[in-house]
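Q: I'd like a close look at one helix here, bends and packing included. Here is the model I mean.

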Amino acid sequence: MPGVLPEAPVEAAVATEMKVMAPVGAALAAIPFRSRLKLLLLLLTSPAALAGVLPEERADALYHYYDGGGVEIDGPSLLVRKSVGEKVSVSLSYYVDTISSASIDVVTTGASPDGYNEKRTQWGTGVDYLRGDTTMSLGYSTSDENDYQADTLNFGISQDVFGGLTTISLGYGSGSDEVSRRGDPTFAGNVDRHAYRLGVTQVVTRNLIMGFSYEAIADEGFLNNPYRRVRYVDVNEATGYGLQYEVYPETRASNAAAIRAKYYLPYRAAISGEYRYFTDDWGIDAHTVEVGYAQPFRSQWIFDFKYRFYTQSAADFYSDLFPYANAQNYLARDKELSTFQSHGPHLGASYTFMDRQGDRPMKSTVNVFADYYMYSYDDFRDLRPDVDVGTEPLYSYDAIVVQAFFSLWF
Amino acid sequence: MKAGVAILIAGLLMAGCSGIEPWVKPYERDRLADPIMSFDRNPVSGSYIDHVHEAREGARGASGSAGGGCGCN
Amino acid sequence: MRTSLPMLLKSLVMAALLAAPVVAGNATGGAVAPAAEFKLTSRAGAPVALSGLKGQVVLINFWATWCGPCRKEMPLLEQIQKKYAPLGFTMLGVNVEEDTRLMDTFLNDVPVSFPILLDPANGVSKLYNVSAMPSTVIVDRKGNVRFVHQGYQPGDEGKYQDMIRQLIREKA
């Protein structure tokens, strides 16, 4: 035990502990599920030793704006987080997307009724409970637009080990969506979603921190867009192609694993890197790479530079142009499921205009971030030019994303 | 797969319980406590950008983490 | 891939059970050992040696401005200092940071009347096996360590006061 006492008695205790732990693991596997659950509850109610910290109390008000591919989306995103006593933290969030204009899908294959204007509102709430060096979290969010309702429940548990150098977190999320189709009151679809998450954060040296995360998601239900259609060669049509509604599998199982690192440079700056691999049973494989550099300036400014590269391979049942109607059991022409790459540089500026350590409110910042995305598709064609079927140019578009927000810590 | 994950966690935690001394002392965690060393300095902005990506790309998941910081208490 | 909820919960339970925290407590629980001698320069520029304080009850608190619980604890330590100083007690705040400007800014907002000692090379922190931030060590009038506490949770200042009251009654 750390302190000013000699180390020898500690080592003896540790050796005994090691001898106990290994067979404990094996024994645990043999205990029936219900009894293990009871043991967990017992552990969680036993007295705490070393302790972690609750998330910081804060309020954020953000304005977001997206303009790209013919689509404009903007709206607010608000968050308030407050501690209640010393063990509990609660949060409340509100988010709106106001969507206007028409994307390539709307213009060409009717992925949404004409004159596309939409509003999606999302409310969220969460509670974190700190017990010793374990934090348990529960969150609920509900999202509403006139043809899609989504409800999600998230549960997480996070534990500091290795003297606080390692943090392990586990999470489970359950979602339930209701899909409808405007102009078709008889249509009703459901989606059930389960997500399983594992995260490990590791302090490697005084200057280096690394993280690993893994997430498995399983969906079941009506997974496609109720308006979008695929196209197939049809010489009888003036355009040269016919349209039919897309047909997706009723299930989707995906796995994603990511590794990230941040390194502190001696003159006070940080470089970061991240890689994520994604694969699913629809045949999509994707790689995401991001590098970043944070440069403070004086004591009030932080400038961020990042570059994100994303590449994915198409789903098995995706095609820009099927040879004839009903060519496959499953048909998709969603550019999100096609083969494409995206390059995304990012620039951010944050200014701290209040930093009072002793008083409340303690700190506030104002921030402006800008991202520029360049998407280019390898097997999705732009149907607007009037050319022979199958020779249309491959689609590409750029988008600008701006965020302006104010944060207050109290 | 799930059993493998469980064994991985168990292994990590058993090692943690074995009393390996932290090689970065708590009084050496000043740089890690700097906001520029946080993986998720602005959570509201982070979750918005994740949403921008997920809405336009086929990939989803594994986009966040917890831990690091001052390791106080 | 049919992931089942029971399987995940089993992983969760195993994880939580095997992560039983290593116990770290308050009392030294056993043999009483003399506090390691050290000499540090205070913020005011004066050298302070622990041996020079023999005869007094001394509370040594290791802290830094980047540690939230340390900042929370500071005003409460100041209250303890004011209350027990006339009874033969002194508090020493050992700051472990390399950059003293952050400490100066903090102490402008939260002034204290007890000496703040500078340990930027972390020699004293190592000597006292500081394993959490903040850490509190209470030394009796004879110069022996009688109380070690890791971290700060609201209410801990009560534990410090109980030990101080007990040690103040003891003879040098």
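Where in H2(C) does the kink of about 35 degrees lie?

A: This is a predicted model, where local features need pLDDT (the predictor's confidence in each residue, from 0 to 100) of at least 70, side-chain atom pairs count only at 80 or more, and totals for chains, interfaces and linings use all residues. Residues are numbered from 1 along each chain as its sequence is written, chains are lettered from A and ligands numbered from 1 in the order written, and side-chain values use heavy atoms, without hydrogens and water.

The kink sits at C:Met74, shortly before the proline C:Pro75. The bend is the angle between axes fitted to the seven residues ending at a residue and the seven starting there. Helices (H or I, at least four residues) and strands (E, at least two) are DSSP runs, numbered from the N terminus.

H2 of chain C covers residues 68-84, 17 residues in total. From first C-alpha to last, H2 reaches 25 Å, close to the 24 Å expected at 1.5 Å a residue (1.5 Å times one less than the number of residues).

C:Met74 is also one of the buried residues of H2(C), along with C:Pro69, C:Cys70, C:Glu73, C:Leu77, C:Glu78, C:Ile80, C:Gln81 and C:Tyr84. Buried means under 20% relative accessible area (1.4 Å probe, protein chains only). An α-helix has 3.6 residues a turn, so residues three or four places apart point the same way.

What do those buried residues pack against? In chain C, they pack against strands E4 (57-63), E5 (89-95) and E7 (135-139), plus helices H3 (100-109) and H5 (156-169).

Over in chain A, A:Ser213 lies in strand E9 (residues 208-221). A:Ser213 counts as buried because its relative accessibility is 4%.

How values were computed
Buried means under 20% relative accessible area, exposed over 50%, partly exposed in between (1.4 Å probe, protein chains only). Contact means heavy atoms within 4.5 Å.
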